[in-house]
Amino acid sequence: MEEKIAFKNLHSRDYQGHKKKVHSVAWNCTGTKLASGSVDQTARVWHIEPHGHGKAKDIELKGHTDSVDQLCWDPKHADLIATASGDKTVRLWDARSGKCSQQAELSGENINITYKPDGTHIAVGNRDDELTILDVRKFKPIHRRKFSYEVNEIAWNMTGDMFFLTTGNGTVEVLAYPLLRPVDTLMAHTAGCYCIAIDPTGRYFAVGSADSLVSLWDISEMLCVRTFTKLEWPVRTISFNYTGDYIASASEDLFIDISNVHTGRTVHQIPCRAAMNSVEWNPKYNLLAYAGDDKNKYSADEGVFRIFGFESS
């Protein structure tokens, strides 16, 4: 049974720390820490109280020499986090000490990174449409594959035996894992597919496209179940909440849409001041972190991200 949330009673808080805009936000597996990656070449880890009490403490992860474009937490370890940067490295950090424990030098500017759900492998995509799979324990590449088409966001399914690539051709390529053998090509959208999210119940995945639509797919049938049509600009980022009942999507529209997954209807819109780069629901609570191209009144990057879902002021 889906839960009903009184969205209109909830509000957002600002988290300020980065010197330039925030590209990526991600929660750890216990929902207690949020990491943010920025153009200022750092990532930061924030300890977030789910009920919003107390000042958020943050720790800086320093070492990259270019923008930190995406980051992801170890799905089995609440204090290990991987970052992908334009400096061609992928780094693994301990969020308690802020120290970099592992580093891999790859061949191109890294823009996408994701963990296999069992925590054993990391997939990294770069600007040259090359996919690298890292063995987490040795932190060495075990697979490299270059694709002849534009590869955007990447994801494993919950069981880790399927791997998805969203492409600039409007398709979703489904590969068997670990062989990376092509299994299916889904004609998902009329323009490039930019982002993908796997529903935490394992039933669906969603795809956001340059055609401004979000499509919802049944993972066992590989069929499109419905589309979400509220946004008018290319969809840059999408996320399911922890129960799988709601999906957030964002773009250059000046709001984040939250829709009911089962009905397709919008239940809430969060106003925002700029194009959004990253939205991410907490895995345990209905808290949505979001970050975009916010500027201050002097047209400088704000370096801020926000979390929506707090009840008390």
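What share of the 313 residues of the chain count as buried? In this predicted model, 59% of the residues of the chain count as buried. The accessible surface of the chain comes to about 13,500 Å², and carbon and sulfur atoms account for 48% of that area. Taken along the principal axes, the box filled by the C-alpha atoms is roughly 50 × 45 × 40 Å. A compact globule of 313 residues would have a radius of gyration near 20 Å, and the chain, with 18 Å, agrees with that expectation.

The secondary structure of the chain consists of 28 strands and 0 helices. Among the contacts in the chain with a separation of 6 or more, 44% are made by residues that stand 24 or more positions apart. An unreviewed UniProt entry carries the annotation "repeat: WD", which according to that record covers residues 15-49, 61-103 and 186-227. Over residues 15-49 the model has 54% strand and 0% helix, and the C-alpha atoms at the two ends of this span are 13 Å apart. For residues 61-103 the corresponding values are 56% strand and 0% helix, with the end C-alpha atoms lying 13 Å apart.

Aromatic side chains were then examined. A search of the whole structure finds 10 aromatic pairs. One of them is formed by Y15 and W46, whose ring centres are 5.9 Å apart and whose planes stand at 80 degrees, so the pair is classed as edge-to-face, given that an angle over 60 degrees is the criterion for that class. Because Y15 lies in strand 1 (residues 11-16) and W46 in strand 4 (residues 43-47), the pair ties together parts that are 31 residues apart in sequence. Both partners are covered by their surroundings to the extent that Y15, with a relative accessible area of 8%, is buried, and W46, with a relative accessible area of 3%, is buried as well.

A further pair is formed by F205 and W217, which are stacked, with 6.1 Å from centre to centre and 5 degrees between the planes. This pair links distant parts of the chain, since F205 belongs to strand 19 (residues 204-209) and W217 to strand 20 (residues 214-218), 12 residues apart. F205 and W217 are both buried. In addition, Y15 and W46 join F305 in one aromatic cluster. An aromatic ring also takes part in an arrangement with a charged group, in that the charged end of R13 sits over the ring of F310, at 4.8 Å from the centre of that ring.

The surroundings of A291 give a view of one buried position. A291 is placed in strand 27 (residues 288-292), and, at 1% relative accessibility, this residue counts as buried. When neighbours within four places in sequence are left aside, A291 is in contact with V22, V25, M276, N277, S278, V304 and F305. The last residue named, F305, is also a member of the aromatic cluster with Y15 and W46. By contrast with these contacts, the C-alpha atoms of A291 and A78, which are 213 residues apart along the chain, are separated by 22 Å. Another separation concerns A6, in the segment before strand 1: the C-alpha atoms of A6 and K33, 27 residues apart along the chain, are separated by 24 Å. A6 is partly exposed, with a relative accessible area of 39%.

Finally, the backbone was considered. Most residues other than glycine have a negative phi, and most peptide bonds are trans. The bond that joins Y177 and P178, however, is a cis peptide bond, with omega at about 15 degrees. P178 is found in the loop between strand 16 (171-176) and strand 17 (181-187). A positive phi in a residue other than glycine occurs at K88, where the value is near 75 degrees, and likewise at S212, where phi is near 75 degrees. K88 is located in the loop between strand 7 (80-85) and strand 8 (89-94), while S212 lies in the loop between strand 19 and strand 20. With a relative accessible area of 37%, K88 is partly exposed, whereas S212, at 12% relative accessibility, counts as buried.

Terms used:
Residues are numbered from 1 along each chain as its sequence is written. This is a predicted model: local features need pLDDT of at least 70, side-chain atom pairs count only at pLDDT 80 or more; totals for chains, interfaces and linings use all residues. Side-chain values use heavy atoms; hydrogens and water are left out. Rings of Phe, Tyr and Trp (its six-membered ring) pair if their centres lie within 6.5 Å; planes under 30 degrees apart count as stacked, over 60 as edge-to-face and the rest as tilted. Helices (H or I, at least four residues) and strands (E, at least two) are DSSP runs, numbered from the N terminus. Buried means under 20% relative accessible area, exposed over 50%, partly exposed in between (1.4 Å probe, protein chains only). A charge sits over a ring if NZ of Lys or CZ of Arg is within 6 Å of the ring centre and within 35 degrees of the ring normal. UniProt positions are given in the numbering used here, feature names are shortened, and annotations may be inferred rather than shown by experiment. The radius of gyration is taken over C-alpha atoms; the globule rule is 2.2 Å times the number of residues to the power 0.38. Contact means heavy atoms within 4.5 Å. Accessible areas come from the Shrake-Rupley method with a 1.4 Å probe; for residues, only the protein chains shown count as cover.
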